[in-house]
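Please open the model in a viewer and keep the sequence panel at hand. The tour proceeds by selection, and each stop states what is to be found there.

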Amino acid sequence: MALVKIELPDGSLREVAAGSTPYDIALSIGEGLARQSIAARFEDRLVDMSTALECSGRLALITQNAPEALEVLRHSSAHLMAHAVKSLYGDDVQVTIGPSIDTGFYYDFFSEKKTFAPEDFEAIEKKMAELAKQDLPITREEMSSAEAIELFRAMGENYKVELIEDLGETRVSLYRQGDFVDLCRGPHVPRTGLLKVYKLISVAGAYWRGSEKNAMLQRIYATAFSDKKQLKAHLARLEEAKKRDHRKLGRELDLFSFNEEAGAGLVIWHPKGALLRSLIEDFERKEHLKRGYDLVVGPQILKTELWKISGHYENYRENMYFTEVDEQGYGIKPMNCLAHMLVYKTKIRSYRDLPQRYFELGMVHRHEKSGVLHGLMRVRGFTQDDAHIICRPDQIDAEVKAVMQFVRDVAGIFGFEYCMELSTRPEKAIGSDADWEAATSALRSALDDSGQAYEVNEGDGAFYGPKIDVKLKDALDREWQCATIQCDFTMPERFDLTYVGADGEKHRPVMLHRVIVGSIERFIGILIEHYAGNFPLWISPVQAVVVNVTDKQAEYVKKVEAQLREAGIRVHADLRNEKLGFKIREAQMNKTPYMLVVGDREMEEGQVAPRFRDGTSLDPMTVEEFIRFAAEEVKSFH
RNA sequence: GCUCACAUAGCUCAGAUGGUAGAGCACAUCCUUGGUAAGGAUGAGGUCAUCGGUUCAAUUCCGAUUGUGAGCUCCA
């Protein structure tokens, strides 16, 4: 019998008969290990415990607690769920696919008769537990695609048939547990008994193969872990995320609202929210001026003809709002670039004048599909911190790097981690190869120099140029695009932007579209969740509330309020006829950074007694001392 | 836009097999002047999202619309 050499992670070598399985090897090490291992890694491939090893190689057993175990566990849990659904609803339901995802797994089902609802979860979970308890062996088998197609067709599993047909493989693998069989690459845990900790989360629609042209399937989201504690922690995280939800906090902190009669996706900013945004806008203007940008302002509507020249009418029409007055059509701007180019075109520009950096906090309107609207994160009217840098091709590199540094600075001030993506030339693209090459390498080198990891999305760029996207995460770990840098060769062409070069000839500049926080609305949504509503002092709409202990201090409190306001502190006095504890509680629930308590003692000494929103407090200090103290804190942020 | 679900007081939520509705918080008035997360009493508040249909009768059943949620697709 042929022998193969298996190298284990500790470097030891074992000679075993060819065709031995990871299970055999685990068993030879110890029964406990064999029982606890759910899969194995052979060379760089994940394999089943029952996979026959026919050649020499490195083998690592994956026990329940190994990092890779979770993916296998969840994938197997998806099968278990599909198994349960099939045995409960049988022929009414067809299975499709069910992968593991970051937070658990899902399985997509097709059914014309059965509509899944959360009320079904208990029954499905119960069935899953039953099937797990039977400890069914999960076995892999291979067969020719033709045989597999026949098998699934006989079962009425048309989606599986389609999958196999499209795979185009000669042989496919199937996994079987009891009377359930699924097309699958694997690997899987060896027995259903290993699947113990799972929970169904939600049900939602999803298109077959992700295309809106295809049938709508029913997706059941669920999660699975190797132990109950982790599941509990995961559910607790979801709870915490709910508490941080910017839609909930936005209402509780009285920042903004939406109104059914005003229209979906249109933000109504309340006094505190409007103050918060203007603080961020002030910050933005200051930071842009610091970095050599010029402030410009364009009109809210521009003639339809201009949108035809820009190509928006052709490519972006469905997302735009149009209006007509005096038989003249106008389009409400969905982007700010047009006016910026018109600023550029008012003069003849020399190569010495470049780059021109035009910055605008521009309010744009886009008719987003109704189903995508989501609090402040996805709205129909929003304000971009938008700039267009019109520069010579040889300046792209430096400009892109400066923008990246800008993004880094701002992310640092707010304490964000972020991830970046580079999107390259799509199939349908305009512009010369040399232009694309120059622009893409400029973006790439800026990314490389940033020292931060980034993903490359080949072919995902805009038709007019490549782009860098920066994504921030919300409380539920959903990623939202904020900053983006896009290279554009088209607009300068379409609008015939030129500059006079050193040679006296006209040349075509390049335009960089870029935003730093993206949309002020979205950014505030993310900020609310990031800080859980506890805004740092410098952007807190209300920085301090002065509370009196009894009516006796009312006059003094008003004086203190005036004094603080004079010093630029955003303050209000709470003189209501309520007990101190009541007012403290309310200020704390409003997440006010400082509560300044004033009783007879403070009044006599010309002091206030500061208390933080975390419940700790400082010794009483004079009003002047507090003003200095608060100013120091504000200054420390940026 | 698509699938499913939901819409009751400012907010969070009860409620009936079809006979026009409640709680807590918030709000108002009064009492209370109380030192760091809720003092007490009384009161006001709803065409049960909108429009249509079925019915003797609809907030409840059906349909459409609007809005919201989870997700898909798309995007800042």
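Select Val4 together with Val16 of β2: these two residues are bridge partners. In this predicted model, they belong to an antiparallel pairing of strand β1 (residues 3–7) with strand β2 (residues 13–17), which extends over five bridges. Next, select the turn of this hairpin. Five residues lie between the two strands, and Gly11 adopts a positive phi near 95°.

Now extend the selection to the whole sheet. Which strands does it contain, and in what order? The sheet is open and has five strands, arranged as β2-β1-β5-β3-β4 with mixed pairing. At its edges are β2 and β4 (45–47), each of which pairs on one side only. From one strand to the next, the twist averages 35°.

Move to the β4 edge. Strand β3 (residues 37–42) pairs with β4 in the antiparallel sense over three bridges. Within that pair, Ala40 stands opposite Val47 of β4. Adding helix α3 (residues 69–89) to the view shows a helix packed on the sheet, where it touches β3, β4 and β5; the direction of α3 makes about 120° with that of β3. Select helix α1 (residues 22–29) as well: α1 lies across β1, β2, β3, β4 and β5 (57–63), and runs at about 75° to β5.

Zoom out and colour chain A by domain. The assignment gives domain 1 (3–63), domain 2 (69–244), domain 3 (270–298 + 334–531) and domain 4 (537–637). Display domains 2 and 3 together. Their centres, taken over C-alpha atoms, are separated by 41 Å, and the contact between them involves four residues of domain 2 and six residues of domain 3.

The next stop is a sheet of three strands. Select β17 (301–303) and β18 (322–325), the edge strands, each pairing on one side only. The sheet is open, its order is β17-β19-β18, and the pairing is antiparallel. Neighbouring strands are turned by 35° against each other on average, direction ignored. For a closer view, select Leu302 and Gly331 of β19, which are bridge partners. They form part of the antiparallel pairing of β17 with strand β19 (residues 328–332), which has three bridges.

Proceed to helix α9 (residues 271–290) and helix α16 (residues 520–531). Their axes come within 11 Å and cross at roughly 110°, which means that α9 is roughly perpendicular to α16. The crossing is right-handed. To see the contact, display Leu276, Arg277, Ile280, Glu281 and Glu284 on α9, then Ile520, Glu521, Ile524 and Leu527 on α16. By class, this contact comprises five nonpolar, no polar and four charged residues.

Finally, select helix α13 (residues 396–414) and helix α14 (residues 433–450). How are these two helices oriented with respect to each other? Their axes come within 9 Å and cross at roughly 40°; α13 and α14 are therefore oblique to each other. Here α13 passes α14 in a right-handed crossing. On the α13 side, display Ile396, Asp397, Val400, Lys401, Met404 and Arg408; these meet Ala442, Leu443, Ser445, Ala446, Leu447, Asp449 and Ser450 of α14. The contact of α13 with α14 has seven nonpolar, two polar and four charged residues.

Note on methods: Residues are numbered from 1 along each chain as its sequence is written. Chains are lettered from A and ligands numbered from 1 in the order in which they are written. This is a predicted model: local features need pLDDT of at least 70, side-chain atom pairs count only at pLDDT 80 or more; totals for chains, interfaces and linings use all residues. Side-chain values use heavy atoms; hydrogens and water are left out. Axes are lines fitted to C-alpha atoms, for helices over the stretch in contact, and angles run from 0 to 180 degrees between N-to-C directions. Helices (H or I, at least four residues) and strands (E, at least two) are DSSP runs, numbered from the N terminus. Angles under 35 degrees count as roughly parallel, over 145 as roughly antiparallel, 65 to 115 as roughly perpendicular and the rest as oblique. A crossing is left-handed if the near helix is turned anticlockwise from the far one by less than a right angle, and right-handed if clockwise. Contact means heavy atoms within 4.5 Å. Ala, Val, Leu, Ile, Met, Phe, Trp, Tyr, Cys and Pro count as nonpolar, Asp, Glu, Lys and Arg as charged, and the others, Gly among them, as polar. Two strands pair if DSSP finds at least two bridges between them. Domain bounds come from an automatic or database domain assignment.
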